[in-house]
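Got the viewer open? Let's take a short walk, one selection at a time.

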Amino acid sequence: GLDSTLQEEYPEVEHRFCLRHLYTNFKVHFKGEEYKEALYRAASVGSIKEWEKKEALYRAASVGSIKEWEKAMLHLKSLDKD
């Protein structure tokens, strides 16, 4: 399809997708505000490491128990060591 043609013709050029179109397809299978927010969080970062840090902070803020919060914070600290 179009993706493979672009990759063949312009291998050195980064290709990005329009978030509006991604969300249109995404919401067919994942309905709800929580999924939408997760998609926008993922789209707003520039690297895998940055995503892991943001996701760890989000999980720490949204957990229900102290034990889960401690686990999320330990994971976040381990990401800073790399």
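Two stops follow: a pair of helices, then a pocket.

This is a predicted model, where local features need pLDDT of at least 70, side-chain atom pairs count only at pLDDT 80 or more, and totals for chains, interfaces and linings use all residues. Residues are numbered from 1 along each chain as its sequence is written, and side-chain values use heavy atoms, with hydrogens and water left out.

**Stop one: two helices**

Select residues 19-29, which is helix H2, and then 33-43, helix H3. Helices here are DSSP runs of H or I, at least four residues, numbered from the N terminus. H2 and H3 pack at about 145°, with axes 11 Å apart; axes are lines fitted to C-alpha atoms over the stretch in contact, and angles run from 0 to 180 degrees between N-to-C directions.

Now show side chains. Leu19, Tyr23 and Phe26 of H2 touch Tyr35, Lys36, Leu39, Tyr40 and Ala43 of H3, with contact meaning heavy atoms within 4.5 Å.

**Stop two: a pocket**

Stay on H3 and add helix H4, residues 48-62: each gives two or more residues to the lining of the second largest pocket. H3 gives the most, five. To centre your view, pick Glu34, Ala38, Arg41, Glu55 and Tyr58, the nearest to the pocket's centre among its 10 lining residues.

Where does this pocket lie relative to domain 1 (1-43) and domain 2 (45-81)? Both domains give residues to the lining, so the pocket lies between them. The domain bounds come from an automatic or database assignment.

Methods: On a 1 Å grid over the protein atoms alone, a cavity is a set of points where a 1.4 Å probe fits but cannot get out, and a pocket is an open set with protein on both sides within 12 Å along at least five of seven lines; lining residues have an atom within 4 Å of a point.
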